[in-house]
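Got your viewer open? Let's take a walk through this model, one selection at a time.

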Amino acid sequence: MHNRRFLSIAWFAALLLAPLLAGAADAGLLIRDARVFDGDTRQAAKVDVLIEEGRIARIGTGLQGGAETRILDADGLSLVPGLFDLHTHWTPNTRPAALPAIANAYLDAGVTTVADYHQAPEAHAPRREWLDRLAAPTVQFGARVSTPLGHGADWADQATTRWVNSPDAARAAVREIAAYRPDFIKAFTDGWRYNNAADNTSMDEATLTALVDEAHRHGIKVFTHTVTVERGKQAARAGVDLIAHSLLDREVDRELVDLMLEHGTAYGPTLAVYEPVRVGDGPPRNPDSPVLRQRRINFATALANVKRLHEAGVPVVVATDAGMPGTPHGRATTRELELLVGAGLTPYDALQAATATAARVLGTPDRGVIAQGARADLVLVEGDPWQDETAMQRVRRVFLAGTEVTGPDARRPAANARDHLPPRPLPALIDDFERGDGRTALDTLRIGDADGGNDRTWQSSLRVPRDGGDGHVLSTHVRLSHSDNAYAAVILPLSRGSVAPAGLAAHAGVSFQARGEVGSIRVEIRGQDGRRWAHDFEPGPQWREYAIEWDDFAGLAPWGGGDPPAWRPDDALQIAFSVAGDPGTTGWYELDEVRLYGGPEGVAP
Ligand SMILES: [Zn+2]
């Protein structure tokens with residue numbers, strides 16, 4: 001008890017000191033003689049910019065700072081607002097180990113504000129906490145909504161991506177999501193798969209209209225995955241804030257342009273992911289493959305459409321789909337500038353799409369500009385990016401709220417170099433299935449997991465009374481899909497959103513009670529970077545107690561291949577129970593009293 005109180009006081013003191021230790025920014029920073037692109041006007045002038053307390057205090061010539069002000073001679077360099085990317089995926093959501101490396105990649109590229117479309121709402125708060133410990137771009141988090149068998153709903157479960165197919169279902173989903181305070185909703189409205197794969201379902205206009213209306217009532221913006229012209233019209237009529245992909249089934253028409261202008265719909269074409277051979281791809285194995293031929297046709301349409309919409313006055317923003325194959329974090333964003341210029345925008349317009357326009361669409365008007373009072377997220381580059389779209393590849397220094405985080409005088413917290421948060425000790429009881437709200441005894445949201453695709457593995461997990469008594473168990477029924485790698489898993493996250501690892505060293509193993517008729521069940525410890533350790537057992541129709549020592553867990557080869565990991569007691573994100581087997585297999589099992597044994601009952605001090 002005393003120890004813990006002392007710790008929390010120490011933490012509080014550290015938090016108070018943190019801004020003082022950050023140092024230079026608070027003494028002020030004067031950037032002299034840079035050519036300044038302010039994001040808003042069509043001039044770039046050689047001026048001084050004075051930064052105080054993280055914001056731009058003054059802009060002018062011959063500025064003087066105080067005695068402590070750090071002076072930076074930027075003669076020969078250009079100063080631009082930090083870039084935005086309004087469509088990124090900090091993938092994958094149960095492999096959080098990549099988070100610091102992704103943050104570093106954005107800072108190195110001069111990207112200081114991004115929207116993340118990938119995380120389950122449960123993970124938003126713990127990810128925000130982690131980002132607060134790092135030098136990192138500001139990340140706005142989206143909550144995902146699709147349709148049953150829609151794009152984005154073809155992997156993971158409804159805790160990650162809600163499925164709605166009626167106006168009432170859409171409103172109910174938004175109300176539930178709103179409790180997580182997401183920064184925006186990503187709605188998958190369009191199941192067209194580019195003439196390159198089987199289509200998914202789409203969201204009808206009445207459902208989308210209700211979704212947007214309910215989201216706006218809660219002050220939440222809606223960005224959509226919309227890729228065809230007709231559904232683009234539906235999105236505009238429904239009041240969607242941003243179409244976050246290209247419309248590329250055909251050339252846009254006057255009706256679409258008028259609807260987007262009338263409703264103020266912005267457009268983020270993600271050319272970086274549609275480029276036939278993407279900036280992060282190697283040379284194609286077969287340059288004449290039908291897929292690549294179709295991609296070239298689609299991309300030509302994408303280029304023509306963004307040019308037409310931009311010329312008509314539709315706000316165009318930089319968005320890339322970074323984190324998807326071929327689109328590396330950071331480089332995809334600067335590549336998007338080059339592709340916008342390839343489409344026919346001027347370098348100036350492309351840079352504005354990455355700064356002032358993106359800031360307005362995201363609802364952060366004190367960013368994306370170099371103006372008095374704006375947050376000092378700034379980039380010094382070699383060359384003039386408003387005249388040369390490749391100049392953003394020559395970033396020299398990046399400032400976050402006035403603190404240099406990339407460049408010769410950069411300081412990043414030690415946490416930027418670590419791929420995990422400190423492991424947290426756990427109490428013994430993981431889940432006795434006595435809570436009625438779908439959460440474990442650890443207060444984490446129980447989730448399901450299965451192979452993806454349109455032929456869904458079907459799994460139903462319900463909490464039911466145990467043997468007619470007062471206690472409860474988790475009862476799971478499974479029908480596997482016809483895919484070769486069909487499986488169904490019940491996941492007990494060991495921390496909220498499976499972001500911070502749990503320390504298991506204080507305990508000897510995991511125990512639980514089970515019965516079922518389902519062949520064998522795999523109990524798995526899942527770690528941070530795709531590491532997995534498994535033990536298989538075969539339940540019978542009668543209840544039995546199982547106790548499995550950590551030594552009895554065998555490392556599994558990673559999904560992409562490679563050596564099985566050695567056991568790590570500091571690396572557990574989840575305990576999963578999974579069923580695999582022949583295509584179409586059905587079965588059931590029940591679980592109770594999942595515990596860590598051989599250690600303290602409560603949380604270690
Ligand atoms: Zn995406």
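Before we start, a term for the first stop: two strands count as paired if DSSP finds at least two bridges between them. Keep in mind, too, that this is a predicted model.

**Stop 1: a strand in the middle.** Select strand 14, residues 378-382. Of its 5 residues, 4 are buried, so the strand is largely enclosed by the rest of the structure. Now add strand 15: 4 bridges join it to strand 14, and the two run antiparallel. Click on leucine 380, whose bridge partner in strand 15 is arginine 397. Next add strand 5 (residues 77-81), which pairs with strand 14 in the antiparallel sense over 5 bridges. Here leucine 380 in strand 14 stands opposite leucine 79.

**Stop 2: an enclosed helix.** Keep strand 15 (395-400) on screen and bring up helix 3, since buried residues of helix 3 pack against that strand. Which other elements do the buried residues of helix 3 pack against? You'll find strand 6 (83-88), strand 7 (111-116), strand 16 (403-406), helix 4 and helix 11 there as well. With 8 of its 11 residues buried, helix 3 is largely enclosed by the rest of the structure. Try colouring some of the buried ones, including Leu99, Ile102, Tyr106 and Leu107. Just after the helix comes glycine 110, with a positive phi near 85 degrees.

**Stop 3: the neighbouring helix.** Select helix 4, residues 121-132. Its 12 residues reach 17 Å from first C-alpha to last, close to the 16 Å expected. Among its buried residues are Glu122, His124, Arg127 and Trp130. The buried residues of helix 4 pack against helix 3 and also against strand 8 (138-146).

**Stop 4: two crossing helices.** Show helix 10 (290-312) together with helix 11 (331-343). Are they roughly parallel or roughly perpendicular? Their axes lie 8 Å apart at an angle of about 80 degrees, and the helices are therefore roughly perpendicular to each other. To see the contact, select Phe299, Leu303, Val306 and Lys307 in helix 10, then Leu339, Leu340 and Ala343 in helix 11. That set divides into 6 nonpolar residues, no polar ones and 1 charged.

**Stop 5: a hairpin.** Finish with strand 20 (458-465) and strand 21 (472-479), an antiparallel pair with 8 bridges. Pick glutamine 459 and you can find its bridge partner, valine 478, in strand 21. The two strands form a hairpin with 6 residues between them. In that turn, look for aspartate 467, which has a positive phi of about 45 degrees.

Key:
Residues are numbered from 1 along each chain as its sequence is written. This is a predicted model: local features need pLDDT of at least 70, side-chain atom pairs count only at pLDDT 80 or more; totals for chains, interfaces and linings use all residues. Side-chain values use heavy atoms; hydrogens and water are left out. Axes are lines fitted to C-alpha atoms, for helices over the stretch in contact, and angles run from 0 to 180 degrees between N-to-C directions. Angles under 35 degrees count as roughly parallel, over 145 as roughly antiparallel, 65 to 115 as roughly perpendicular and the rest as oblique. Contact means heavy atoms within 4.5 Å. Ala, Val, Leu, Ile, Met, Phe, Trp, Tyr, Cys and Pro count as nonpolar, Asp, Glu, Lys and Arg as charged, and the others, Gly among them, as polar. The expected span of a helix is 1.5 Å times one less than its number of residues. Buried means under 20% relative accessible area, exposed over 50%, partly exposed in between (1.4 Å probe, protein chains only).
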